[in-house]
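Please follow the aromatic side chains through this model, looking at how their rings meet and how much of each is open to solvent.

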Amino acid sequence: MIQGAQKFIESDYKISQPEIVKQAIKTYRAENNWIQNYLFECCETDRAYSEKAGELYNNYRDYCINTGESIKSCSALRKAMIEAGYGHKTNSRGSFYSGVRIKQFRMPYINPPSMVEDVNDAVENTDCILQ
């Protein structure tokens, strides 16, 4: 016990995290990165793209409603987009995000089986444009 206390003092009162804990934290953050999840599902990225901020927020809100995610505020979305490396500018035509646009085609959302009476009905009643 004394040796442990000495090591703790020698490490400037800091305990290093085991590698398995570091990996678990990294995995958790990746799985719970709401902005990256939204961008992956609903957007395309390229330096040439630009999207109106209001359109992006409306699309994000619809995504949250359809997936059961909690809806963040417009300012939280803006902050997350900027932190993720996307530009935000306002001019005489409105506010825009640069480097991103809403996907032109997405598979329709299908409610999870727990939210519908029959999974087959949910799939049959989905209008899918792929042919």
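**Aromatic rings and their neighbours**

Tyrosine 38 and tyrosine 60 are both buried, and they make a useful place to begin in what is a predicted model. For tyrosine 60 the relative accessibility is 1%, and this residue therefore counts as buried, because the category takes in values under 20%. The ring centres of tyrosine 38 and tyrosine 60 are 5.4 Å apart with the planes at 85°, so this pair is edge-to-face. Because tyrosine 38 belongs to helix H3 and tyrosine 60 to helix H4, the contact ties together parts of the chain that are 22 residues apart in sequence.

The structure holds four aromatic pairs. One of them joins tryptophan 34 to tyrosine 60 in a tilted arrangement, with 5.6 Å from centre to centre and 50° between the planes. This pair, too, links distant parts of the chain, since tryptophan 34 lies in helix H3 (residues 34-42) and tyrosine 60 in helix H4 (residues 53-67), 26 residues apart. Tryptophan 34 has a relative accessibility of 24% and so counts as partly exposed, whereas tyrosine 60 is buried. Taken as a group, Trp34, Tyr38, Tyr57, Tyr60 and Tyr63 are linked by ring pairs into a cluster.

Charged side chains also meet aromatic rings in this model. The charged end of arginine 101 sits over the ring of tyrosine 49, at 3.9 Å from the ring centre, while the charged end of lysine 103 sits over the ring of phenylalanine 40, at 5.8 Å from the centre of that ring.

Notes. Residues are numbered from 1 along each chain as its sequence is written. This is a predicted model: local features need pLDDT of at least 70, side-chain atom pairs count only at pLDDT 80 or more; totals for chains, interfaces and linings use all residues. Side-chain values use heavy atoms; hydrogens and water are left out. Rings of Phe, Tyr and Trp (its six-membered ring) pair if their centres lie within 6.5 Å; planes under 30 degrees apart count as stacked, over 60 as edge-to-face and the rest as tilted. Helices (H or I, at least four residues) and strands (E, at least two) are DSSP runs, numbered from the N terminus. Buried means under 20% relative accessible area, exposed over 50%, partly exposed in between (1.4 Å probe, protein chains only). A charge sits over a ring if NZ of Lys or CZ of Arg is within 6 Å of the ring centre and within 35 degrees of the ring normal.
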